[in-house]
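Subject: Structure for you to look at

Hello,

I am passing the structure on to you, followed by notes on what was found in it. Please open it before reading further.

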Amino acid sequence: MRVMTIFALLALAMSIAVGGEAVSQTSTLSRAVQESDSRQPAIPRPGQQAEAARKLADFEARTGRKPNILLFIVDDMGYGDPGAFGGGEAIGAATPNMDRLAAEGLKLTSTYAQYTCTPTRAAILTGRLPVRTGLTRPILAGDNVTRNPWEGEVSLPGILSDHGYHTLLVGKWHVGEVEGMRPHDIGFDEFYGYYRAQKEYIQRHDGHRYPDLVLDADKRERYDAIGADDNLVRGLKDGTTETVMEVASVQDMAEGDGMLRDYTVARIAELARGAEPFFLTHAFMKVHADNWPSAAFEGASSSKYPYKDAVVEVDSHIGDIMQALEDAGELENTFVFVTSDNGPQMDGWPDSGYTPLRGAKGTTWEGGVRVPGIAYWQGMIEPGRVSDGLFDLMDLFNTSVALAGAEDAIPTDRYIDGIDQTSFLLAGDGESRRENVYFWLGSQFTAMRMREYKMHTKVVEPAEKFLWIDMATLQDTALAPWLFNLYIDPKEEYTVGHRLNAWQASLGNEMKAHALTFRKFPPKDIGLGG
Ligand code: CA
């Protein structure tokens with residue numbers, strides 16, 4: 001099925017390439033250079049690459065070590081939620097900590113995630129598109145995965161752990177909870193968190209919202225028979241796995257992010273005393289639906305809505321964790337990145353984020369995949385920078401590996417879609433090395449962005465305005481693919497049409513080249529379908 005889809009993409013890309021008047025066998029718009037058939041072509045930037053290499057060498061000479069890496073991944077936060085991205089106080093939930101990191105770091109306005117949770121997390125961990133690893137959509141309770149997707153994959157925490165890092169994930173996992181698929185099975189030295197999304201814990205206990213489940217003994221029993229893990233778990237690489245606490249009420253989940261914050265703050269102080277650098281992913285449970293305010297944050301936002309209180313809480317935890325870094329003397333030793341794993345889930349409105357862009361989570365419209373991106377590193381990233389250069393979150397794979405000096409560990413026997421963006425982030429006036437971002441909805445190729453152009457070959461259309469997941473269809477575009485210029489039309493409302501057919505052909509050729517990578521490196525199917 002998936003193979004068919006990819007051949008369909010190939011055929012489509014070829015028809016685009018020959019359909020216009022300006023037939024071009026090479027992509028006239030692309031500045032990227034292919035260095036290997038197993039790597040995504042990147043734009044050469046020799047000046048900034050040399051500058052970044054010098055900065056990193058100076059850092060290592062000064063400190064005698066590699067830098068820590070701290071990734072903050074908020075769940076389902078919209079592009080427009082943080083104040084630095086146009087939200088904040090203006091929409092009833094101030095975000096002073098994220099705003100400060102953006103002001104004192106590099107604000108990336110064209111950061112892209114995948115269309116839902118699991119695919120984004122898998123892409124960051126592997127540097128590969130979900131369609132290659134088979135992690136094309138969230139694994140849900142009751143799913144029968146036919147093959148462990150991690151079998152044979154090389155993970156980012158695995159590489160860093162092998163290169164002298166202590167690697168830990170605090171918070172949400174959502175990439176499988178059976179043995180062999182847990183964070184501490186796939187490269188993390190340490191895991192403290194939850195296997196699934198917040199809603200999946202809360203639905204079992206919220207009799208107001210889910211009375212048909214919670215108040216019905218027979219259905220409760222059947223639900224429990226699924227056997228999904230409903231605990232806060234701590235796991236170690238040696239296989240030790242213990243339950244820290246069972247989530248037995250809505251309030252237990254509401255307080256979850258506070259417990260995650262406490263753990264991260266405590267571990268930073270401990271890890272700072274050791275000699276190893278650390279790779280820490282702090283993955284929030286909030287602001288994914290269903291949001292219930294923790295006691296300390298109920299009504300903390302000016303809007304008073306649970307979603308907004310959750311934004312304020314997440315922002316506050318980011319502030320606390322950054323303070324812990326500073327208190328431990330690690331602020332200048334730590335590369336920090338703040339982002340969200342996908343766009344807002346509008347189906348749950350008003351328990352949902354804000355994006356000024358078209359679409360939402362579950363789509364590859366900008367609203368579904370463009371997320372806030374903030375890179376911060378005191379003394380290493382020049383404060384106050386803003387860039388619209390393309391940054392795909394899976395670039396964090398290659399970039400983190402480069403910061404650890406472990407590039408040789410990136411496999412060459414499979415396709416790696418991520419790009420090393422170290423020089424974009426660290427050079428004073430660094431520019432992105434990424435020319436294209438590819439968008440897949442499950443195993444369906446839907447769109448590609450190149451520079452300010454984005455071309456769709458399939459589009460998600462909701463039957464009701466907000467129901468982008470729960471009542472929507474995926475449709476083929478007709479004669480012409482839909483080509484938007486995101487600089488003049490960031491909301492993707494009016495195509496520039498086939499009058500720009502030279503660019504259509506150029507993007508079509510890039511799609512064709514993308515399709516060919518699957519011929520040489522066939523994708524995995526783990527039974528999630530698309
Ligand atoms: Ca998510």
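Which residues lie nearest the centre of the largest pocket? They are Thr116, Pro138, Lys361, Ile469 and Asp470, out of a lining of 31 residues.

Before going on, some conventions. The model is predicted, so to speak of a local feature requires pLDDT of at least 70 and a side-chain atom pair counts only at pLDDT 80 or more, while totals for chains, interfaces and linings use all residues. Residues are numbered from 1 along each chain as its sequence is written, and side-chain values use heavy atoms, with hydrogens and water left out.

Pocket and cavities

A pocket here is an open set of points on a 1 Å grid over the protein atoms alone, with protein on both sides within 12 Å along at least five of seven lines; a cavity is a set where a 1.4 Å probe fits but cannot get out, and lining residues have an atom within 4 Å of a point. A volume is the space filled by probe spheres set on the points, which are joined across faces, edges and corners.

The largest pocket has a volume of about 650 Å³. Helix H7 (198-202) and strand S16 (472-476) are the elements that give two or more residues to its lining, and S16 gives the most, with three. Helices (H or I, at least four residues) and strands (E, at least two) are DSSP runs numbered from the N terminus. By class, the pocket lining has 14 nonpolar, nine polar and eight charged residues. In this scheme Ala, Val, Leu, Ile, Met, Phe, Trp, Tyr, Cys and Pro are nonpolar, Asp, Glu, Lys and Arg are charged, and the others, Gly among them, are polar.

There are two cavities of 30 Å³ or more. The largest holds about 110 Å³ and is lined by 13 residues, with Ile73, Arg121, Leu125, Leu169 and Thr281 nearest its centre. Strand S1 (68-74), helix H4 (117-126), strand S3 (166-172) and strand S7 (278-283) each give two or more residues to that lining.

The second largest cavity has a volume of about 30 Å³. Among the residues that line it are Asp76, Val287 and Ala289. Asp76, in the loop between S1 and helix H3 (96-103), has a positive phi of about 70° although it is not a glycine. Val287 follows a cis peptide bond from Lys286, with omega near 15°, and Ala289 is joined to Asp290 by a cis peptide bond with omega about 0°. Both Val287 and Asp290 are found in the loop between S7 and helix H12 (306-327).

Domains

The domain assignment (bounds from an automatic or database source) gives domain 1 (3-41 + 437-520) and domain 2 (69-434). Their centres, taken over C-alpha atoms, are 28 Å apart. The contact (heavy atoms within 4.5 Å) takes 36 residues from domain 1 and 39 from domain 2. The lining of the largest pocket draws at least three residues from each domain.

A four-stranded sheet

One open sheet has the order S12-S13-S14-S17, with antiparallel pairing; strands pair if DSSP finds at least two bridges between them. Strand S12 (436-441) and strand S17 (482-485) stand at the edges with a single partner each, so one side of each has no neighbour in the sheet. Four bridges join S14 (residues 453-456) to S17, and Met455 stands opposite Leu483 in S17.

Regards
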